[in-house]
Amino acid sequence: MRPSRRAFLGLAGSVAATAVLAGCGSSWFTAGGGTGSHGALLPSQVPLPDPFQVPLPIPPTLEPRNGIIEIAARRSAVEILPGRTTEILGYEGTFPGPTIRARAGEELQVRLRNDLEIDTVLHLHGGRTPPEHDGYPTDLVTPGTDRPYVYPLQQRAAPLWYHDHAMDFTGPNVYAGLAGMAILHDDAEDGLGLPTGERDIPLVVADRSFDGDGAFAYPLADPSRTRHGVTMRYHGGVLGDCVLVNGAPWPVLEVDAARYRFRMLNASNARRFELQLDGVPFTQVGTDLGLLERPVERSSIPMASAERADVVVDFSSVPVGTRVTMTNTLDSGGPGQVMQFHVVRRAASDDTRVPEVLSTIEELDGDAVVVTRDLHFSLGPTGSGHHGMAEWSVNGMTFHDGDVFTSQLGTLERWRLSTDVHHPVHAHLLGFQVAAPGGDGLAWKDTVDLRPGSGAEVLVPIEGYSGRYVLHCHNLEHEDMMMMVNFSVA
Ligand code: C2O
Ligand code: CU
Ligand code: CU
């Protein structure tokens, strides 16, 4: 095999590792104290339910009709904690929003109606979308209006997601519920024999906290929204103490003793998870941007904000009556629990399989790289931001500083990403070619998790459309507090 070339694609690279540790001093914006995440815990003000009591909700599916899907963003009152009402902002009034299922390669039009009292922007995360439809943060859809977003979807089948992307307020808006999955299917994937239908289930994992009256608690610095950002303590990120899966607290899913496919998404603002099942491995078949080349068995799967893992779990040898718990090994107590699977019956039939070869990923040739870019994610100069403290930045720049770089369509770039604290880095439009989890083969991702003081190198083909896009940290508090920059494709 070609170890040397593949080696540099690894995410565990130590690019500039020593140089960037300097930013990790003491104080509120660093640690996350034993949560495995950057940020501060916001304790709920109501008692939280016992885990594994509430059934896992399956969001309704929306499929295009004549290539069109209509979605309204609106406020609604839902029951999340048993016996209490929580107001959410949700697509079609639910959290998560409906699961969009569409065909890769077929144009999709999503007509968004804004029935909220605030501006919103729709972004298809992982979509290869022309700039005018990508949900640029200042392309606001104002209250009472609607707009069509046109997605050519010239890309692989993949578990994408959609969420609000309004300038300065993506954190509170997504936290309030404006997120859902958008799964792209294609014929090649349909032919593999992976579990489908009722055994192909999205798992949208997100932490939340509740205030005294059962509402989602979010520490906006200025609730009137004349200023962006959260109160100082949460400058590093908002961590909730209640884990929701598909909008339900620590739910339980009754399953057959059969194979299931789970499209797992970490839709948290800041929390990282390392998901583990007791007694059953995950067979990972795909990442953010589609299938791996070969399946890889993993005992646990780390997921930062916005990352997806497409997995198959085989319950066929689990005795009926068993409860299989999914935990988060990065934390303990409530945030250390995720959900449970209760194996309730033998499967009448299960003719699904996980083939040895899932897809072909053509290895990019590092020698063809025309530009190598160093992108450093860190706190900017002290005092540059609101409340007199530093804002997050990329190479010391923020959204208001013009383009960080301009790339040429049709070329190949290498990005060397480095960091001070924890930052999951996401680019719009572009995909990153990286080593597959487990190191065997390649994978496509749109979000790369950078651990404190570490780095990663990724190969980035500049494909799609020319225009202006954003590159940002997907810790949404960091993003709102300026760790989002512009780049252009020429
Ligand atoms: Cu998930 Cu810029 O977004
Ligand atoms: Cu995105
Ligand atoms: Cu960040």
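**Copper site, strand β23 and aromatic pairs**

C473 has a relative accessibility of 0% and therefore counts as buried, the cut-off for that term being under 20%. The model is predicted, and C473 serves in it as one of the protein donors of the copper ion (ligand 3). C473 donates through SG, while H423 and H478 each donate through ND1. These donor atoms lie 1.9 to 2.1 Å from the copper ion. Along the chain, the donors follow the spacing H-x49-C-x4-H. H478, at the end of that pattern, has a relative accessible area of 0% and so is buried as well.

A second place to look is strand β23, which covers residues 337-346 and contains Q340. Is Q340 buried or exposed? Its relative accessibility is 7%, so Q340 counts as buried. Leaving aside residues up to four places away in sequence, Q340 touches F52, P251, V252, L253, R323, V324 and T325. Of these contacts, L253 is 87 residues from Q340 in sequence, yet the two C-alpha atoms are 6.3 Å apart in space. With T325, the side chain of Q340 makes a polar contact, side chain to side chain, at 3.1 Å.

The aromatic residues come next. A pair of aromatic rings is described by the distance of the centres and the angle of the planes. The count for this model comes to 16 aromatic pairs. One of them joins Y149 and Y151, with ring centres 6.4 Å apart and 5° between the planes, and is stacked. Y149 and Y151 are both buried. Another pair, Y175 with Y218, is tilted: the centres are 5.1 Å apart and the planes make an angle of 55°.

Which parts of the chain does the pair of Y175 and Y218 link? Y175 belongs to helix α3 (residues 170-175), whereas Y218 lies in the loop between β11 (200-208) and β12 (238-239). The two residues are 43 residues apart, and the pair links distant parts of the chain. Y175 and Y218 are both buried. They also belong to a cluster linked by ring pairs, together with F95, F210 and F216.

Arginine side chains also meet aromatic rings here. R208 lies over the face of Y175, at 4.5 Å from the ring centre; Y175 is thus described both by its place in the ring cluster and by this arginine over its face. Elsewhere, the charged end of R199 sits over the ring of Y260, 5.8 Å from the centre of that ring.

Terms used:
Residues numbered from 1 in each chain as written. Chains lettered and ligands numbered in written order. Predicted model: local features only at pLDDT ≥ 70, side-chain atom pairs only at ≥ 80, totals over all residues. Heavy atoms only, no water. Donors = N, O, S within 2.8 Å, 3.2 Å for Na, K, Ca; no water. Buried < 20%, exposed > 50% of the residue type's maximum accessible area, 1.4 Å probe, protein only. Helix = DSSP H or I, 4+ residues; strand = E, 2+ residues; numbered from the N terminus. Contact = heavy atoms within 4.5 Å. Polar contact = N/O pair within 3.5 Å; in protein donor to acceptor, adjacent residues only side chain to side chain. Phe/Tyr/Trp six-rings, centres within 6.5 Å; stacked < 30°, edge-to-face > 60°. Lys NZ or Arg CZ within 6 Å of the ring centre and 35° of its normal.
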